[in-house]
Every structure is written in C-alpha cells, then in structure tokens.
Amino acid sequence: MPHPPKVFAGVEVTPLCDAVGPMGPALRRPLDETFLGATAEHWAAVNAADWVLHFHCYLLRDPADRTILVDTGIGGTEGPAAAWAPVPGRLMAEVAAAGLRPEDVDVVVLTHLHSDHAGGAVVDGVPAFPNARHLLQRDELDWVRGPVLEQVVRPLGDSLQVVDGLLEMASGITVVPTPGHTPGHQSVEVGSLVLGGDVVLHPVQLVDPSIRYAYDEDADRAAATRAALLTRIRERSGTLGTAHFAEPFTELRDPAHRSEHP
Ligand SMILES: [Zn+2]
Ligand SMILES: [Zn+2]
C-alpha cells in the first residue's frame, strides 16, 4: 500500500512503495564498504545493523489536477534491475491503489537512469505510462549505456523531454540538477519538500554528508551536492523525500534553530 500522502505548497505527494528488500548479491557488500568513510560512531548514531532498501516513487497531484510521477521503480522480472533488485516491482498496483490508471499520468520525472529508478518506465517494450512525457537531464542521456539505454530509454522514444538544468514544470514544482551520483541526476522541489532521488542513500549520510556511496559515479561531486542540498533544506526546516529510506519523508531541522529551543 502507498505510504500516507502529505501536502506541500498545495500539491498532494503520495509515496508509492514499489518494493522492499536487501540489495541482491550482485551488488551487495558489507555496509562499511558500501558507505565509505563512515565510522563506528556514525553507525551508532543511526542504529543500522543491515540495509533493507525501500524503493519509493512519488505521485504528485497539483491543484490544476496534473499528475506527475517521480521515478518508476525496479520494473519486471525481465528488466535491467532484475540482476540485483527484488523484482518485480509493485508500482502499477500502487498507482491503482492511489486511484489512478497508468493513462492518467501526465509527466514522469526520472531522477536518474539507474535501473531501480527507471526500470518501471517500460513494460513489455512499451511505455508503461502511455500519455506521459518523460523528463530527463541531457547530461544523463549523454551518459547512459547498456541495458537501461536499450530496454528503457529507446522504447520511450518521442515521449522523452530532455532538460538542460533547472525547469519549473508546474506552479511550485521545479526540477533541479543534483549531479554526482550520476552525471545528470536531478531532484524535484515541491515547496519545502525536495524529492532527492539518490542524493542521500542511507540515513548515515544525514549524520555526515561527506560519507561516500560506493556506487556514485563521481563521489566527490555527489558529496558536494549532498552537503549543499541538506544545508538548503535545513535552512528552511524542510523535508527530504528519499527513494531508499524506510520512511519516505524525513523532516530536517536547522541545527542552529534547534539549539535555541532545546
Ligand atoms: Zn516504503
Ligand atoms: Zn542510483
């Protein structure tokens, strides 16, 4: 079932839970080899014994009745995420549980082209959301290779909308580049909410944003992006929406503000 929705800037945001499970053996490594630079103190602060991933997508419904889907989950048993993720994803059942048909989705924003975020965009070789345009950063499209390019990007064909940098896609809903995890990674801002894709993978990176993720394309750039994004959210006491945390919404408070009100 979808997680309970929240409203930001008049937009109803419903987290859809596509899948829950550990990373498969093809990618799985011990946590301290997955999150580089995390110490015993960092791990103690988040109380993490293991990493069970949720795979969240987000459904946005704005006051003008536009429907926007952010990410499409892990896809089916034949898709590119099947090598390592707990396929098949339940995205379509989650969309139905939210009261929608696939035809109702107007826009799909793909935060990036990893298989667990884009895998559900195509089913049986055709777009899963037939009336949607699919927003991607140009840097991401220039970078992608292999099964995601062949099995997801090419079948999307003319429905792709390539973006260069920041784009206000609807009133109060903005796509912003957040590169590093992949070259054209993007996030979606809705009022004080940021849907950050894989900018933050694990709660330990909230404790220290300089903790690197082993599968970042450019780990230094990802760390700089993460630190800047978290600062920006904390300064306005905003909310981070994550793909892989157990709880989809994490409220971030400005530490300076908190110290004034112990
Ligand atoms: Zn979930
Ligand atoms: Zn990723």
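Which residue with a positive phi follows α8? The legends below, all drawn from a predicted model, take up this point in the view of that helix.

**Figure 1. Overall view of the protein chain.** The predicted model contains 9 helices and 17 strands. Its radius of gyration is 17 Å, close to the 18 Å that the globule rule gives for 262 residues, so the chain is as compact as a globular protein of that length. Along the principal axes, the C-alpha atoms occupy a box of roughly 50 × 40 × 35 Å. Buried residues make up 47% of the 262 in the chain. Of the contacts between residues at least 6 apart in sequence, 70% link residues at least 24 apart.

**Figure 2. The annotated span, residues 54–244.** An unreviewed UniProt entry assigns these residues the annotation "domain: Metallo-beta-lactamase". In the model, the C-alpha atoms at the two ends of the span are 5 Å apart. Helix accounts for 25% of the span and strand for 26%.

**Figure 3. Helix α8 and its surroundings.** Helix α8 comprises 17 residues, 219–235, and extends 24 Å from its first C-alpha to its last, close to the 24 Å expected at 1.5 Å a residue. Ala222, Ala223, Thr225, Arg226, Leu229, Leu230 and Ile233 are its buried residues. Viewed down the helix axis, these buried residues fall within an arc of 165°, and they therefore line one face of α8. Asp220, Thr231 and Glu235, on the other side, are exposed. The elements that cover the buried residues include β14 (193–195), α7 (204–207), β15 (212–213) and β16 (239–241). The residue asked for at the outset is Ser237, which follows α8 and has a positive phi near 50°.

**Figure 4. Helix α6 and its packing partners.** In α6 (residues 147–156), the buried residues are Val148, Val152, Val153 and Leu156. Their directions, seen down the axis of α6, fall within an arc of 85°, so these residues line one face of the helix. Glu150 and Arg154 are exposed on the other side. The buried residues of α6 pack against α4 (115–118), the strands β7 (122–123), β8 (126–127) and β9 (133–137), and β10 (160–163). Just after α6 comes Gly157, with a positive phi of about 45°.

**Figure 5. Gln137 in strand β9.** Is Gln137, a residue of strand β9, buried or exposed? Gln137 counts as buried because it has 27 C-beta neighbours inside 10 Å, where 20 or more are required. Apart from neighbours within four places in sequence, Gln137 contacts Val163, Pro177, Gly184 and Gln186. Ala85 lies 52 residues away along the chain, and its C-alpha atom is separated from that of Gln137 by 24 Å.

**Figure 6. The nonpolar cores.** In soluble globular proteins, nonpolar side chains tend to be buried together. The largest nonpolar core of this model has 59 residues, of which Leu60, Val70, Val108 and Val109 touch the most other members. Helix α8 gives the most to this core, with 5 residues. When residues up to four places away in sequence are left out, Val108 touches Leu69, Thr72, Ala121, Phe129, Ala132, His134 and Leu135. A second core, separate from the largest, consists of 8 residues, among them Leu53, Ile74, Ala81 and Ala85.

How values were computed:
Residues numbered from 1 in each chain as written. Chains lettered and ligands numbered in written order. Predicted model: local features only at pLDDT ≥ 70, side-chain atom pairs only at ≥ 80, totals over all residues. Helix = DSSP H or I, 4+ residues; strand = E, 2+ residues; numbered from the N terminus. Expected span 1.5 Å × (residues − 1). Buried ≥ 20, exposed ≤ 12 C-beta atoms within 10 Å, placed from the backbone. Arc of directions from axis to C-beta. Contact = placed C-beta atoms within 7 Å. Rg over C-alpha atoms; globule rule 2.2 N^0.38 Å. UniProt positions renumbered as here; feature names shortened; annotations may be inferred. Core = buried A, V, L, I, M, F, W, Y, C linked by C-beta atoms within 7 Å.
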